[in-house]
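Visitor: Please take a close look with me at one part of this structure, explained slowly enough for someone in a first year of study. I would like to know what surrounds that part, too.

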Amino acid sequence: MAKQYKVVHCTVNGKEIEQVVDVRESLTDMLRNDLHLTSVKKGCEVGECGACTVIINGEGFNSCIYLAVWAEGKEIWTLEGLTGPGGELSDIQQAFVDEGAIQCGFCTPGFIMTSWEIVNSGKEYTDDELRKALSGHLCRCTGYENIFRAVKKTMLRHLGKFEEAELVNSQGITEYPDPMPFK
Amino acid sequence: MYDIKALYEAESVQDAVRLLQEHPEAQILAGGSDVLVQIREGRRAGKEFVSIYMLDELRGVTIDEEENIRIGSLTSFSHITKDPIIQKYINVLGEAVDMVGGPQIRAIGTIGGNTCNGVTSADSASTLMAWDAIMEMTGPNGVRRVPIKDFYIKAKVVNIEPAEIQTAILIPKESYDKCFGHYIKYSMRNALDIATTGCSVNVRLSEDKKSFERVRIGYGVASPIPVRAPSAEAFINGKKITDKNIKKFAETVLEDINPRDSWRAGKALRQHISVVMAERALRECVEMAGGEI
């Protein structure tokens with residue numbers, strides 16, 4: 001069988017691109033090898049660990065079980081697209097730093113992409129909903145508490161609830177003082 | 001890189017049928033959350049594939065001219081859960097598919113793939129059984145519709161002819177009208193796990209909400225294919241809503257189901273939880289329908 005190639009047109013991190021891909025490539029292969037976006041990690045490669053998560057048309061997907069040719073016409077975001085022009089961290093990235101939500105860092109780009117989808121949804125997730133929304137990622141270092149806290153605090157700040165974000169304790173639970181001064 | 005011999009990309013349903021006729025060895029690739037993983041495992045390595053993933057005409061939920069709910073076979077789990085028609089008429093299906101895998105799997109996984117791979121543990125299958133879904137296939141001889149009970153033949157084998165693809169799943173009005181359903185998935189983890197056993201119940205109560213007009217119950221992983229519990233349904237239909245009747249209904253399911261021992265769970269555990277799930281799900285449905293026990 002002759003090798004099969006195809007030209008894929010899509011938008012990656014706000015930039016229109018045209019890329020020749022081997023039809024056997026996964027989207028992870030295309031983003032890492034062809035476009036050098038190495039924040040997209042190769043973890044399990046079977047859609048279990050979430051390290052390769054990217055946002056496609058507003059929704060998080062495991063790019064390892066997504067064919068590169070399916071990217072045709074799609075709008076894709078990776079971690080590289082979140083930083084400012086001078087490499088400044090976005091608020092969700094900074095929150096991961098501030099909360100110590102990173103140890104080895106391998107799961108971090110994927111976690112941040114899902115978190116970015118959550119904090120930009122304009123929705124206030126309950127603690128249970130947040131845990132469910134983050135459940136497609138495996139982290140073997142942090143025990144998840146710090147990650148959960150980083151996402152919850154950033155979500156609250158995006159909703160303008162700055163005081164409530166400060167009331168999130170180390171276990172990720174919002175501790176309202178008594179009597180409750182606001183809400 | 002996947003070990004794929006050749007990839008044929010369909011541009012329309014007709015094109016997919018033509019490609020499958022031209023390449024009889026080729027397998028259908030929809031969302032790929034099973035198929036691509038099986039290529040990595042080696043089980044499907046080196047094969048030819050017809051990709052239908054880009055066929056947007058097979059996405060979305062609508063009400064057709066016969067008032068059936070029509071779910072395009074490539075509609076992803078996440079889109080089914082968010083869909084207003086599903087939420088209004090058959091919310092239990094949205095809840096059931098919201099228990100598949102994790103969020104990223106629900107973004108890529110399709111309801112067509114979930115049913116066509118013919119596994120009994122599919123979270124959508126017990127609910128579709130319990131709501132008498134109709135599967136629509138399109139092939140060289142046109143479109144044909146098959147009731148879901150005739151769609152599942154045996155484990156991993158479904159009623160799809162060569163060069164056919166499943167194009168939609170329909171829920172007839174008679175099936176969803178005034179019905180309330182509840183799905184329970186029993187599994188070891190809260191996410192990224194396959195059901196040990198799943199149970200989907202729905203009810204339509206009498207006008208005065210004192211008795212059961214129709215109860216339907218479907219199971220996943222209680223047999224090699226998704227099944228209903230006809231004896232239990234026959235017992236409860238027309239009966240008064242009482243604690244005793246609900247308990248008797250739940251016990252009767254054991255006459256209908258045939259779970260097996262597997263590395264996930266033993267037969268005795270599956271029988272036990274099947275009874276408990278039937279009772280809990282039915283109670284929940286009665287409450288949703290506005291009845292009192």
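Guide: What follows starts with one helix and its packing partners, and then moves outward to the rest of its chain and to the partner chain.

This is a predicted model, in which local features need pLDDT of at least 70 and side-chain atom pairs count only at pLDDT 80 or more, while totals for chains, interfaces and linings use all residues. Residues are numbered from 1 along each chain as its sequence is written, with chains lettered from A and ligands numbered from 1 in the order in which they are written.

The part to look at is helix α3 of chain A, residues 108–119, which packs against helix α5 of chain A, residues 145–158, at an angle of about 30 degrees and with 9 Å between the two axes. (Axes are lines fitted to C-alpha atoms, for helices over the stretch in contact, and angles run from 0 to 180 degrees between N-to-C directions.) That angle makes α3(A) roughly parallel to α5(A), since angles under 35 degrees count as roughly parallel, over 145 as roughly antiparallel, 65 to 115 as roughly perpendicular and the rest as oblique. On the α3(A) side, the residues that meet α5(A) are A:Phe111, A:Ser115, A:Ile118 and A:Val119. Facing them from α5(A) are A:Ile147, A:Val151, A:Thr154, A:Met155 and A:His158. (Two residues are in contact if their C-beta atoms, placed from the backbone, lie within 7 Å.)

Helix α3(A) has another packing partner in α2 of chain A, residues 91–98, and here the angle is about 125 degrees, with the axes again 9 Å apart. That makes α2(A) oblique to α3(A). From α2(A) come A:Ile92, A:Gln93 and A:Phe96, and they meet A:Thr108, A:Ile112, A:Ser115, A:Trp116 and A:Val119 of α3(A). It is worth finding A:Ser115 and A:Val119 in the picture, because both residues belong to the group that meets α2(A) and also to the group that meets α5(A).

Now step back to the whole of chain A, which has six helices and five strands. (Helices, H or I with at least four residues, and strands, E with at least two, are DSSP runs numbered from the N terminus.) Read from the N terminus on, the elements follow the order β-β-α-β-β-β-α-α-α-α-α. The C-alpha trace of this chain spans about 70 × 30 × 30 Å along its principal axes. Of the 183 residues in chain A, 45% are buried, where buried means that 20 or more other C-beta atoms lie within 10 Å of the residue's own, exposed that 12 or fewer do, and partly exposed in between. Of the contacts in chain A that join residues at least 6 apart in sequence, 54% link residues at least 24 apart.

One loop of chain A deserves a pause, namely the one between β3 (53–56) and β4, where A:Asn57 lies. A:Asn57 takes a positive phi of about 45 degrees although it is not a glycine, and it is exposed, having 12 other C-beta atoms within 10 Å.

Where does chain A touch chain B? There, 28 residues of chain A are in contact with 24 residues of chain B. Both β4 (59–62) and α4 (127–133) of chain A supply at least two residues each to the side that touches chain B, and the largest share of that side, four residues, comes from β4(A).

Chain B offers some details to set beside these. Its helix α8, residues 123–130, is mostly covered, with eight of its eight residues buried; among them are B:Asp123, B:Ser124 and B:Leu128. Just after α8(B) comes B:Asp132, which lies in the loop between α8 and β6 (134–139) of chain B. The phi of B:Asp132 is near 50 degrees, a positive value in a residue other than glycine, and this residue counts as partly exposed, with 18 C-beta neighbours inside 10 Å.

A last stop is B:Thr167, which sits in strand β10 of chain B, residues 165–171. This residue is buried, with 22 other C-beta atoms within 10 Å. Leaving aside neighbours within four places in sequence, B:Thr167 is in contact with B:Val13, B:Leu58, B:Ser73, B:Glu136, B:Met137 and B:Thr138. B:Thr167 and B:Gly72 are 95 residues apart along the chain, and their C-alpha atoms are separated by 6.2 Å.
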